[in-house]
Amino acid sequence: MRRIARSPIDLMLCLWIGGLMAGAADATQVCKQIDSMGREYFLFIPDKIDPAATYWLVVEVHGYGGHGSEGSGVRRWVDRGDCIGVAPSFPDSYQRLDLNTDVQLVRIFQKLQTDFKLHGKLFLYGHSGGAQFCHRFAIKYPQLVAGCCSTSAGSWATGGIFGSMTPIAAGVPIAISCGELDTDRAAQNMPMSRIEWAKKFEEELGVMHCFYKAVYWPNAGHEGNSAGNEALANEAFSLGTSGMVGKDREDWEKKLKTLSDLVHAGKLAQAMTGCADLLRLINARDPKETANNLAAAGWRAGTPGISACIKTAQEFVAGQVQKLSGDIEKTGLEQVVAIEKGAAPNALMELQSLCNTFNGMIKVREAASQASFRLRASLR
């Protein structure tokens with residue numbers, strides 16, 4: 001994986017912007033970049049990149065008349081440890097993907113994929129004008145979008161003139177919200193108020209059996225509910241990246257933590273058995289159970305959304321098990337070294353036990369076999 005090449009001036013700019021936006025104690029770098037179209041975007045990256053990790057790209061889209069420099073909210077995603085953030089600067093008319101602003105984001109994504117190890121899909125969210133861009137981008141590029149959250153949009157993709165939902169995007173989790181008191185029109189030529197239009201869009205999502213959640217905040221105007229919108233974005237992200245949300249996600253996190261604890265305790269045989277059990281369990285995931293889990297968290301999904309959730313959940317768990325397997329292998333190798341170094345009377349038996357335990361892990365078996373050979377040679 002390559003890191004972005006920066007001149008001394010670029011590095012000074014990164015540090016200056018990072019300190020200005022968050023303070024010197026923060027471990028996130030913020031760098032102003034120029035994309036292939038000559039437009040600015042702000043890149044948020046962890047101070048230390050894990051070369052073994054694959055990161056999610058999270059995109060925050062500014063409101064009308066805004067700028068990417070306002071995207072400091074994307075920092076919280078980077079603070080998770082598994083995300084890289086981007087806040088593009090779009091010219092006016094971006095709300096409907098005009099002026100090739102959709103191509104602008106696609107190219108930024110492609111560029112960052114050459115600089116960092118990223119998943120093949122991004123997550124994006126935005127408020128007001130940003131919400132208009134986000135949901136339209138998700139509809140047009142569902143193959144590139146893990147999920148999106150659009151809040152208090154001034155227009156929605158309904159009726160054809162302002163865009164429309166397409167069946168190919170029915171598997172993308174889309175979260176929408178609007179304040180119940182957001183009764184103004186975004187512009188005089190708009191056919192509906194924001195709240196009316198949000199409900200119209202929700203209606204069309206339901207007719208097309210799309211994957212969505214809609215929330216209308218009581219006693220809130222155009223600003224909506226910031227804490228509620230953040231939670232909504234978290235849910236959409238969770239579904240797009242793990243296929244799980246709410247209690248379902250919590251239950252699986254507990255299962256994974258239990259296995260991690262076994263590894264750290266050196267109970268490797270139990271951990272390996274547990275990993276195999278988890279894979280069997282997730283691969284037998286039931287569509288009806290998945291639908292019930294989604295409904296319990298307030299999400300609606302047709303067949304495409306449910307199928308997408310199952311596939312994403314299987315990929316997520318398989319990825320977590322792969323990481324655990326790497327930890328198990330590392331711990332197993334450490335145990336081989338410790339046994340050989342200790343040279344206890346039963347060392348050969350312990351090494352043989354490791355060979356049996358790690359029947360499917362070639363590196364550990366080979367290390368144990370070589371250690372056994374050395375110990376036998378030393379006893380002659």
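This passage looks at a covered strand, a pair of packed helices and two loop asparagines.

The model is predicted, so to speak on paper: local features need pLDDT of at least 70, side-chain atom pairs count only at pLDDT 80 or more, and totals for chains, interfaces and linings use all residues. Residues are numbered from 1 along each chain as its sequence is written, and side-chain values use heavy atoms, with hydrogens and water left out.

Strand β3 covers residues 55–61; strands here are DSSP runs of E with at least two residues, helices are runs of H or I with at least four, and both are numbered from the N terminus. Of the 7 residues in β3, 7 are buried, where buried means under 20% relative accessible area, exposed means over 50% and partly exposed is in between, using a 1.4 Å probe and protein chains only. Neither face is left open: Y55, L57, V59 and V61 are buried on one side, and W56, V58 and E60 are buried on the other.

β3 also has partners on record in the pairing, where two strands pair if DSSP finds at least two bridges between them. It runs parallel to β5 (residues 118–127), with 6 bridges joining the two, and parallel to β4, with 4 bridges. V59 turns up in both pairings: this residue stands opposite L124 in β5 and opposite V86 in β4.

Next come the helices. α9 (residues 287–296) packs against α10 (residues 303–342) at an angle of about 100°, and the axes are 10 Å apart. Axes are lines fitted to C-alpha atoms, for helices over the stretch in contact, and angles run from 0 to 180 degrees between N-to-C directions. The two helices are therefore roughly perpendicular to each other, a label used for 65 to 115 degrees. On the α9 side, P287, T290, A291 and L294 meet I306, C309 and I310 of α10, with contact meaning heavy atoms within 4.5 Å. These contact residues divide into 6 nonpolar, 1 polar and no charged; Ala, Val, Leu, Ile, Met, Phe, Trp, Tyr, Cys and Pro count as nonpolar, Asp, Glu, Lys and Arg as charged, and the others, Gly among them, as polar.

Finally, the backbone. Most residues other than glycine have a negative phi. N100, though, has a positive phi near 60°. N100 sits in the loop between β4 (83–88) and α3 (101–115) and, at 45% relative accessibility, counts as partly exposed. N219 likewise has a positive phi near 60°. Its place is in the loop between β8 (212–217) and α6 (226–242), and N219 is exposed, with a relative accessible area of 71%.

Technical notes: Angles under 35 degrees count as roughly parallel, over 145 as roughly antiparallel, 65 to 115 as roughly perpendicular and the rest as oblique.
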